[in-house]
Number of protein chains: 2
Amino acid sequence: MRVFEYPDKIEWKELIERPEVNQQDLSELVDTVFKNVAKNGDKAIRQYTAQFDGVDLLNPLVPEKELEQSREKISKDLLDAMTQASANIQQFHQSQCTEETMIETMPGVQCYRKSQGIENVGLYIPGGTAPLFSTVLMLGIPAKIAGCKNISLFTPPDRNGLINPAILAAAELVGINKVYKIGGVQAIAAMVFGTNTISKVDKIFGPGNQYVTAAKQEALKYGLSIDMPAGPSELLVIADDTANTDFVAADMLSQAEHGADSQVILLTSSKSVVENVRKAIDQQVQVLPRKGIALKALANSKIVLLKKEDIMPWSNAYAPEHLIINTADNDYYVDNVINAGSVFIGQYTPESAGDYASGTNHTLPTNGFARNYSGVSVDSFVKKITFQKITSEGIKAIGKTIELMAEAEDLQAHKNAVTIRLNTVL
Amino acid sequence: MRVFEYPDKIEWKELIERPEVNQQDLSELVDTVFKNVAKNGDKAIRQYTAQFDGVDLLNPLVPEKELEQSREKISKDLLDAMTQASANIQQFHQSQCTEETMIETMPGVQCYRKSQGIENVGLYIPGGTAPLFSTVLMLGIPAKIAGCKNISLFTPPDRNGLINPAILAAAELVGINKVYKIGGVQAIAAMVFGTNTISKVDKIFGPGNQYVTAAKQEALKYGLSIDMPAGPSELLVIADDTANTDFVAADMLSQAEHGADSQVILLTSSKSVVENVRKAIDQQVQVLPRKGIALKALANSKIVLLKKEDIMPWSNAYAPEHLIINTADNDYYVDNVINAGSVFIGQYTPESAGDYASGTNHTLPTNGFARNYSGVSVDSFVKKITFQKITSEGIKAIGKTIELMAEAEDLQAHKNAVTIRLNTVL
């Protein structure tokens with residue numbers, strides 16, 4: 001890890017920059033798969049699954065029985081853990097539903113807003129060695145709370161045509177009954193166009209590799225929306241002399257093990273923190289199964305020594321996905337958070353709590369998008385529709401205002417729509 | 001207007017399709033302007049303003065004095081109307097701010113969410129013959145309520161280098177003091193890159209022509225976000241025998257006058273409504289100053305005769321930006337709204353009320369995006385940041401759950417971040 005001591009403000013701009021991601025242009029591949037799926041539907045899906053996942057599946061829909069039996073295939077302990085995490089996620093996300101109240105802006109002019117679940121949503125869960133069942137909970141639970149009518153989950157099968165039972169158990173726990181053994185670009189194409197057996201969706205959620213990311217971007221061109229732009233995961237830790245530097249090191253490593261492109265940053269005013277965290281990282285990383293990945297991520301990571309008053313401006317300029325505040329003066333830092341995805345306060349609050357079980361969502365804005373995007377919440381699964389109801393008394397009260405403004409914007413027919421009504425009630 | 005009588009459901013798909021917009025590929029032009037502004041800043045802006053708006057402006061920032069004096073340049077009546085509209089918009093949008101409550105998902109595990117205004121936002125207001133000052137209110141008021149720190153407004157100057165005083169008066173009323181006389185692609189480029197005199201923004205709002213729309217799309221590639229994808233304005237009216245067909249006709253014309261590409265649709269179960277609305281339109285359109293535009297829009301518009309039970313499925317499949325419900329059974333239709341931007345209920349509720357003054361926002365999803373996007377609200381100007389705080393008691397309660405899940409996802413360092421803490425408190 002490189003250490004920067006009290007960098008000049010002019011250098012900040014460079015220091016907060018994320019490393020350039022070497023993005024391959026995958027648009028041609030994505031376009032080919034999209035066109036084939038649009039034209040040949042299920043047949044094209046089957047062909048791509050054979051080609052990319054190495055298995056020929058006649059029907060990619062996971063049978064109900066396989067879903068039901070998945071619980072028995074994972075340990076009782078893991079099922080209990082998932083159940084506890086689900087309860088916490090459910091509770092926190094349920095609190096995000098707000099009853100919108102009717103506002104009478106003028107006598108007889110009533111306005112209100114109603115949250116309506118997006119009808120058809122698709123959740124993508126990557127395959128690979130580690131089964132990301134936690135993401136099933138993080139996307140499925142708010143989708144259910146939002147009242148989305150059709151929730152479909154897509155995840156690639158292994159070479160035996162199977163899905164990890166932890167993913168199926170999580171889907172079953174949430175109550176998602178449409179799980180498709182389809183991955184990659186073809187999964188996104190199925191969500192965009194639908195097939196004879198798969199319904200198309202309105203919005204796509206979930207992480208994925210560069211192919212899935214490119215396909216999600218392409219989906220925007222077909223009128224779908226997506227959860228948020230993708231980028232490598234990040235953690236910024238703020239620590240002072242009172243922080244347990246073993247905890248700080250463990251938190252930084254938990255981020256570093258995600259991938260070689262993970263970003264880890266430590267901001268502190270204390271030179272001893274810098275030294276102790278470095279030592280603790282060197283020690284703790286040795287026993288990690290994903291040591292190789294973690295070391296690569298750490299090579300790109302930074303420790304920045306700053307004056308206390310510069311710490312929050314630096315953090316806000318960086319806009320981290322995850323922000324851990326582990327100091328004797330947490331309130332000061334918390335009060336000054338402007339840009340961050342999710343904030344973890346105090347020494348007993350590791351990022352992994354929010355990754356799995358505390359109740360907050362782990363689908364968060366990366367790559368500086370915490371400046372202008374929120375993480376996933378129930379809001380992500382609803383549209384808020386406004387309604388208004390004006391009585392004859394109301395149009396009398398507000399009519400002249402509308403007429404004057406419409407006329408000043410040269411929109412005579414807009415004015416007429418009011419005048420013609422006023423003429424019947426005045 | 002073409003009339004379709006009880007079309008077969010198989011024909012719906014074609015009927016609800018929006019006409020193909022003949023989109024020119026403007027990416028080369030946009031790219032050129034972006035690169036020039038990124039490199040040459042203010043100088044490039046000045047050059048484009050001279051080229052496209054025909055006026056050489058040394059400093060595009062509207063002086064404070066010009067802003068202050070704008071109120072005197074519009075009629076007292078219009079200023080009163082704007083003030084009334086502002087009060088209503090303020091009241092309705094203020095009600096969208098929700099105090100997020102702290103949720104203790106387990107003893108010692110506290111989670112909450114806080115709305116934080118996006119720091120830097122840019123509002124674009126088109127120029128042209130009609131001054132869209134109402135959009136200044138619709139974007140500026142929620143931005144202020146959200147607590148956005150820097151709000152900049154961009155609008156093209158006329159050939160004398162002036163901005164319509166109604167736009168300036170609206171900005172002044174809202175409290176926006178940075179108004180730039182810059183339009184078109186160069187305005188969006190200024191928001192993306194900033195210049196020596198203009199600060200760059202995080203999110204761009206506002207309508208625009210095809211150039212501005214293309215530039216907003218391009219801005220996404222630079223990490224900015226935008227309010228929503230653009231498309232021609234639309235209205236769908238549901239009317240029955242009890243509706244005053246003169247009102248229905250006036251509402252349809254108010255939409256049709258927006259532009260030749262505006263979409264107007266009438267759904268009804270009543271043949272007499274069809275006849276009477278057509279007659280009323282023919283009559284009312286004659287006196288409109290924008291008759292030519294309205295007639296072009298009407299040529300693309302549709303009246304669809306449907307069984308009552310088919311009306312809401314049709315409307316939801318179309319997902320209109322504006323939906324007027326003018327029947328004897330309004331509650332039934334309202335209860336079945338799934339996809340719509342803003343809904344106007346009852347005979348005295350013209351769309352123009354929401355366009356200007358009732359309190360709801362007029363920046364709404366078009367082109368079927370009401371399926372998966374909300375209109376602009378205070379939400380559009382904030383990020384919702386999650387916070388969590390776990391005590392030693394809390395980590396004892398939740399620790400094992402996190403450890404089990406992290407281990408099952410093969411993320412050992414995620415587990416360690418908990419274990420290392422548990423070891424100090426158990």
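This passage walks through a predicted model of two chains, A and B, from the overall fold to the contact between them and a few salt bridges.

Chain A is a good place to start. Its C-alpha trace spans about 85 × 60 × 45 Å along the principal axes, and the chain holds 16 helices and 14 strands. Of its 426 residues, 61% count as buried. Looking at contacts in chain A with a separation of 6 or more, 76% come from residues 24 or more positions apart.

Over in chain B, strand β9 (residues 234-239) gives a close-up of the interior. All 6 of its 6 residues are buried, so the strand is largely enclosed by the rest of the structure. In a regular strand, side chains alternate between the two faces of the sheet. Here B:Glu234, B:Leu236 and B:Ile238 point one way, B:Leu235, B:Val237 and B:Ala239 point the other way, and all are buried. The strand runs parallel to β10 (residues 263-268) of chain B, with 6 bridges joining the two; within that pairing, B:Leu235 sits opposite B:Val264.

Now for the contact between the chains. The size of an interface is often given as the accessible area lost when the parts come together. For chain B and chain A the figure is about 10,100 Å², with 59% of it on carbon and sulfur atoms. On chain B's side, B:Tyr348, B:Gln388 and B:Arg421 supply 8% of the area buried against chain A, more than any other three residues. Each chain puts residues into the contact: 112 from chain B and 112 from chain A.

Polar links turn up here too. The interface has 59 residue pairs in polar contact (both at pLDDT 80 or more), and the side of chain B that touches chain A is made up of 54 nonpolar, 38 polar and 20 charged residues. Backbone pairing also crosses the boundary: strand β13 (residues 342-345) of chain A pairs in the parallel sense with strand β14 (residues 382-390) of chain B over 4 bridges, and A:Val343 has B:Phe387 as its bridge partner. Another residue that reaches across is B:Gln284, found in helix α10 (residues 271-285) of chain B. B:Gln284 is buried, at 15% relative accessible area. Setting aside neighbours within four places in sequence, its contacts include A:Ile420 from the other chain, along with B:Asp246 and B:Leu253.

Salt bridges come next. Side chains of opposite charge can pair when their charged atoms come close. The whole structure has 36 salt bridges over all chains, and 8 salt bridges lie across the interface of chain B and chain A. One of these joins B:Asp251 to A:Arg421 (2.7 Å, N to O).

A:Asp379 is worth a longer look. Its side chain meets that of A:Lys384 in a salt bridge (3.7 Å, N to O), and A:Asp379 also forms a salt bridge with B:Arg113, with the closest N and O atoms 3.3 Å apart. A:Asp379 lies in the loop between α14 (351-356) and β14 (382-390) of chain A, while B:Arg113 is in strand β3 (residues 109-117) of chain B, so this pair joins two chains. A:Asp379 is partly exposed at 22% relative accessibility, whereas A:Lys384 is buried at 9% and B:Arg113 is buried at 4%. These residues belong to a salt-bridge network that links A:Arg113, A:Asp379, A:Lys384, B:Arg113, B:Asp379 and B:Lys384.

Note on methods:
Residues numbered from 1 in each chain as written. Chains lettered and ligands numbered in written order. Predicted model: local features only at pLDDT ≥ 70, side-chain atom pairs only at ≥ 80, totals over all residues. Heavy atoms only, no water. Contact = heavy atoms within 4.5 Å. Buried area = accessible area lost by both parts, 1.4 Å probe. Salt bridge = Lys/Arg side-chain N within 4 Å of Asp/Glu carboxyl O. Polar contact = N/O pair within 3.5 Å; in protein donor to acceptor, adjacent residues only side chain to side chain. Nonpolar A, V, L, I, M, F, W, Y, C, P; charged D, E, K, R; others polar. Pairing = 2+ DSSP bridges. Buried < 20%, exposed > 50% of the residue type's maximum accessible area, 1.4 Å probe, protein only.
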